[in-house]
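The following note sets out numbered points for a colleague who is examining this structure at the bench. Each point takes up one region or one set of contacts.

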Number of protein chains: 2
Amino acid sequence: MRVFEETARSSECAARAGRLHTVHGEVPTPAFMPVGTQATVKSLTPEDLHGLGARILLGNTYHLYLRPGHERIRRLGGLHRFMGWDGPILTDSGGFQVYSLAALARIEEEGAVFRSHVDGSLHRLTPELAVEVQEALGSDVMMCLDTCIPYPAGEAEVARASGLTTRWAARCLAARRRPELRLFGIVQGGMDPVWRRRSAEELAALGFDGYALGGLSVGEPKALMLEMVETARPCLPADRPVYAMGVGTPEDLVECVARGVDLFDCVLPTRNARNGQLFTSFGRIVIKNARYKEDPGPVDPACTCYTCRHFSRAYLRHLFVARELLAYRLNTIHNLHYFLELMRRMREAIERDAFEAFRRDFYQRREGTP
Amino acid sequence: MRVFEETARSSECAARAGRLHTVHGEVPTPAFMPVGTQATVKSLTPEDLHGLGARILLGNTYHLYLRPGHERIRRLGGLHRFMGWDGPILTDSGGFQVYSLAALARIEEEGAVFRSHVDGSLHRLTPELAVEVQEALGSDVMMCLDTCIPYPAGEAEVARASGLTTRWAARCLAARRRPELRLFGIVQGGMDPVWRRRSAEELAALGFDGYALGGLSVGEPKALMLEMVETARPCLPADRPVYAMGVGTPEDLVECVARGVDLFDCVLPTRNARNGQLFTSFGRIVIKNARYKEDPGPVDPACTCYTCRHFSRAYLRHLFVARELLAYRLNTIHNLHYFLELMRRMREAIERDAFEAFRRDFYQRREGTP
């Protein structure tokens with residue numbers, strides 16, 4: 001089974017549409033993956049996610065390894081059965097969470113040594129273990145263990161982390177036991193074009209099912225992030241999917257799609273939903289704002305999600321102010337609908353070879369007002 | 001439009017089936033009303049509630065008066081439109097919440113003076129205001145303002161509170177402006193049979209659309225609670241629905257239905273769901289118990305709810321231990337399904353005149369093990 005096929009390409013930019021094939025079905029790209037860190041997209045059921053048009057979810061190796069444990073999930077029939085999701089799942093390798101969440105993280109040649117953020121227990125995550133955990137989960141798409149580079153970082157740090165990421169990627173390839181599960185390499189290289197290119201070329205030479213761009217959206221200026229995408233993208237094989245990890249805002253998605261990226265994940269729609277920040281065709285709104293106290297209209301008049309079809313801004317504000325559990329769910333439904341619909345419209349625009357017109361329209365709407 | 005019609009009656013006990021008619025449709029009784037305190041049944045959408053077979057919800061005058069305010073809800077088109085629920089809604093009057101939640105509550109002849117639990121502001125809730133608030137909300141069934149009696153209480157306290165409840169009930173009747181909205185009187189009388197009977201008779205003489213039994217499940221022994229139901233029930237007109245407020249456990253529902261009660265509400269299924277306590281045909285289980293860590297079976301093999309059809313005890317335990325928002329929703333769906341299904345089975349048993357057989361079977365199952 002081929003990993004990926006390109007089905008359409010923009011004549012004006014690098015945007016492309018395609019299909020990612022996995023053992024749990026195919027995913028039309030460009031695609032956004034809702035984040036289901038702990039074997040659940042916070043507040044939503046698999047039924048909700050299907051209803052929203054989600055086709056692939058992201059799970060989290062670091063979290064699931066610590067709790068409830070990958071061996072337990074394997075004995076319970078794998079992650080799909082455990083969480084009741086029958087579509088594809090991509091899992092990240094845990095590298096980023098070790099970097100961002102774990103206490104006392106120490107990177108060694110052998111792997112990452114860290115203390116659990118749950119109970120303080122000591123763990124060593126090696127490239128081999130990262131693959132073992134993801135194979136136990138039964139991830140359709142597994143990620144190699146990588147080492148994250150903070151922004152800003154000196155060249156020595158970039159060189160060291162990028163080199164180690166390549167060596168770990170080779171060890172992940174060697175450790176793989178289930179070839180039907182896709183394995184993606186992760187391009188590092190910090191914000192240094194030379195190292196970005198080198199990292200991409202080294203990974204491409206190893207030969208992965210797909211490639212991720214790691215270490216983006218870590219605080220760098222937007223222009224620099226896009227420059228890194230532009231730098232790395234041409235070094236990666238055209239017949240493989242490219243995934244911008246942790247990216248991003250709606251604008252980031254549009255700009256990265258324009259530069260040939262196929263897959264995305266980000267906590268933004270789900271986390272901001274829980275903080276009461278909602279995405280709309282005309283920008284973001286903060287639902288607890290007093291101006292919405294008696295506003296009978298939907299969050300976004302242009303939106304067709306369950307939340308916008310049934311509830312007013314006034315009701316959503318009430319739920320949020322009263323800290324009602326339903327607030328988190330209705331806001332999450334709205335925000336994920338916004339992101340998934342944005343991707344759907346981009347795919348459609350690419351298929352009609354009208355991506356630049358879509359992009360202009362996208363920015364024009366934001367300048368309008370509700 | 002008649003308020004209520006009896007459609008079947010047990011030949012063995014006082015259990016009866018019927019239909020409550022409201023401007024938002026009819027409700028087959030005996031019925032359980034999920035509690036939607038702040039214009040939401042915690043964690044569920046109206047769509048979820050329809051799917052669970054809920055036919056009538058309970059809203060909370062005290063909470064909605066304080067936040068977001070009944071005038072605001074009226075301007076937004078009423079409580080039904082505000083919360084997106086098109087079925088009947090019963091609202092309690094706020095008397096119980098003033099008693100249990102508000103700071104510095106003081107009962108005067110004129111009404112209850114209290115400080116808001118939200119912001120400490122001072123309020124006076126009179127019988128007239130309780131009706132005004134509920135009419136602004138557009139409640140299908142409104143409750144008179146009453147005064148709660150703690151357990152235990154001396155006779156003087158019982159006499160004073162019961163007398164005041166009757167006088168307030170008369171004032172509620174006089175204050176009513178929307179006759180299409182049902183108004184129920186609330187029987188008090190503490191745990192004193194003489195005062196219970198007297199309270200029921202006084203309210204029946206005033207003439208309400210239905211009658212509630214208040215001040216039950218406040219810490220008294222179960223036998224005493226049932227004795228109060230048996231005492232008051234015959235004093236109330238047979239062509240009117242009777243509602244046991246805040247009752248109760250599955251056993252309480254069965255016993256009260258056997259004694260002729262038609263309507264119930266209780267936070268038990270929803271609150272216990274959020275605390276990880278799940279109701280099953282064989283009793284309650286505490287989902288965080290370590291024995292469920294790797295249990296691949298559903299919460300209750302006899303249950304057909306969404307949660308039991310899709311998820312294992314192991315998954316529900318994981319969600320609960322990880323404090324995932326989905327835990328609250330899946331548990332709430334399960335518990336409400338249990339309560340609503342219990343009522344459905346009781347209605348069906350009454351219609352077949354097989355209530356006593358149902359009751360025996362109900363207790364026998366509890367003695368079994370999972």
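1. Across the interface of chain B and chain A, eight salt bridges are found. The model is a predicted one, and the values below are computed from it. Helices H1 (46-51), H3 (70-75), H4 (79-83), H13 (313-321) and H14 (325-351) of chain B each supply at least two residues of the side of chain B that touches chain A. By class, this side has 19 nonpolar, six polar and twelve charged residues.

2. The extent of the interface may be stated in residues and in area. In residues, 37 of chain B are in contact with 37 of chain A. The area buried between the two chains is about 3,300 Å², and carbon and sulfur atoms give 59% of this. On the side of chain B, the residues that lose the most area to chain A are B:Glu294, B:His318 and B:Leu325, which together account for 18% of what that side buries. Between chain B and chain A, 16 residue pairs are in polar contact, with both residues at pLDDT 80 or more.

3. Which residue of chain A forms a salt bridge with B:Arg72? The partner is A:Glu294, and the closest N and O atoms are 2.9 Å apart. A:Glu294 also forms a salt bridge with B:Arg75, where the closest N and O atoms are 2.5 Å apart. This second pair crosses between chains, from B:Arg75 in helix H3 of chain B to A:Glu294 in the loop between strand E16 (283-286) and helix H12 (306-310) of chain A. B:Arg75 is partly exposed, with a relative accessible area of 49%. A:Glu294 likewise counts as partly exposed, at 29% relative accessibility.

4. Salt bridges within chain B also deserve attention; over all chains of the structure, the search finds 62 salt bridges. In one of them, the side chains of B:Arg16 and B:Glu6 meet at 3.1 Å, N to O. This pair links distant parts of the chain, since B:Arg16 lies in strand E2 (residues 16-22) and B:Glu6 in strand E1 (residues 4-9) of chain B, ten residues apart. B:Arg16 counts as buried, at 1% relative accessibility, whereas B:Glu6 is partly exposed, with a relative accessible area of 35%.

5. A further salt bridge of chain B joins B:Arg365 and B:Asp361, with the closest N and O atoms 2.9 Å apart. These residues are separated by about one helical turn, because they are four residues apart in helix H15 (residues 355-367) of chain B. B:Arg365 is partly exposed, with a relative accessible area of 40%, and B:Asp361 is partly exposed as well, with a value of 27%. In chain A, a network of salt bridges links A:Glu230, A:Glu255, A:Arg259, A:Glu356 and A:Arg359.

6. An unreviewed UniProt entry places the feature "domain: tRNA-guanine(15) transglycosylase-like" at residues 14-366 of chain A. Over these residues the chain is 44% helix and 18% strand, and the end C-alpha atoms are 23 Å apart.

7. The UniProt annotation "binding site", from an unreviewed entry, covers A:Asp92, A:Ser93, A:Gly94, A:Gly95, A:Phe96, A:Asp146, A:Gln188 and A:Gly215. Is A:Gly94 buried or exposed? A:Gly94 is buried, because its relative accessible area is 0%, and buried means under 20%. A:Gly94 is placed in the loop between strand E6 (89-92) and helix H5 (95-100) of chain A. Not counting residues up to four places away in sequence, A:Gly94 touches A:Thr61, A:Tyr62, A:Leu125 and A:Leu145.

8. A:Asp146, another position covered by that annotation, lies in the loop between strand E10 (141-143) and helix H7 (155-175) of chain A. At 6% relative accessibility, A:Asp146 counts as buried. Leaving aside neighbours within four places in sequence, the contacts of A:Asp146 include A:Ser93, A:Gly95, A:Phe96 and A:Gln188, which are themselves covered by the annotation. A:Thr165, A:Trp168 and A:Ile186 are also in contact with A:Asp146.

9. Helix H6 (residues 127-137) of chain A is mostly covered, with nine of its eleven residues buried. Among them are A:Pro127, A:Gln134, A:Glu135 and A:Leu137. The helix is followed by A:Gly138, whose phi is positive, near 80°.

10. In chain B, B:Thr91 lies in strand E6 (residues 89-92) and is buried, with a relative accessible area of 0%. Its side chain makes a polar contact with the side chain of B:Ser139 at 2.6 Å. Beyond neighbours within four places in sequence, residues in contact with B:Thr91 include B:Gly59, B:Asn60, B:Leu79 and B:Gln134.

Conventions. Residues are numbered from 1 along each chain as its sequence is written. Chains are lettered from A and ligands numbered from 1 in the order in which they are written. This is a predicted model: local features need pLDDT of at least 70, side-chain atom pairs count only at pLDDT 80 or more; totals for chains, interfaces and linings use all residues. Side-chain values use heavy atoms; hydrogens and water are left out. UniProt positions are given in the numbering used here, feature names are shortened, and annotations may be inferred rather than shown by experiment. Buried means under 20% relative accessible area, exposed over 50%, partly exposed in between (1.4 Å probe, protein chains only). A polar contact is a pair of N or O atoms within 3.5 Å; within protein, one must be able to donate a hydrogen and the other to accept it, and residues adjacent in sequence count only if both atoms are side-chain atoms. Contact means heavy atoms within 4.5 Å. Buried area is the accessible area (1.4 Å probe) that two parts lose on being put together, summed over both. A salt bridge is a side-chain nitrogen of Lys or Arg within 4 Å of a carboxyl oxygen of Asp or Glu. Ala, Val, Leu, Ile, Met, Phe, Trp, Tyr, Cys and Pro count as nonpolar, Asp, Glu, Lys and Arg as charged, and the others, Gly among them, as polar.
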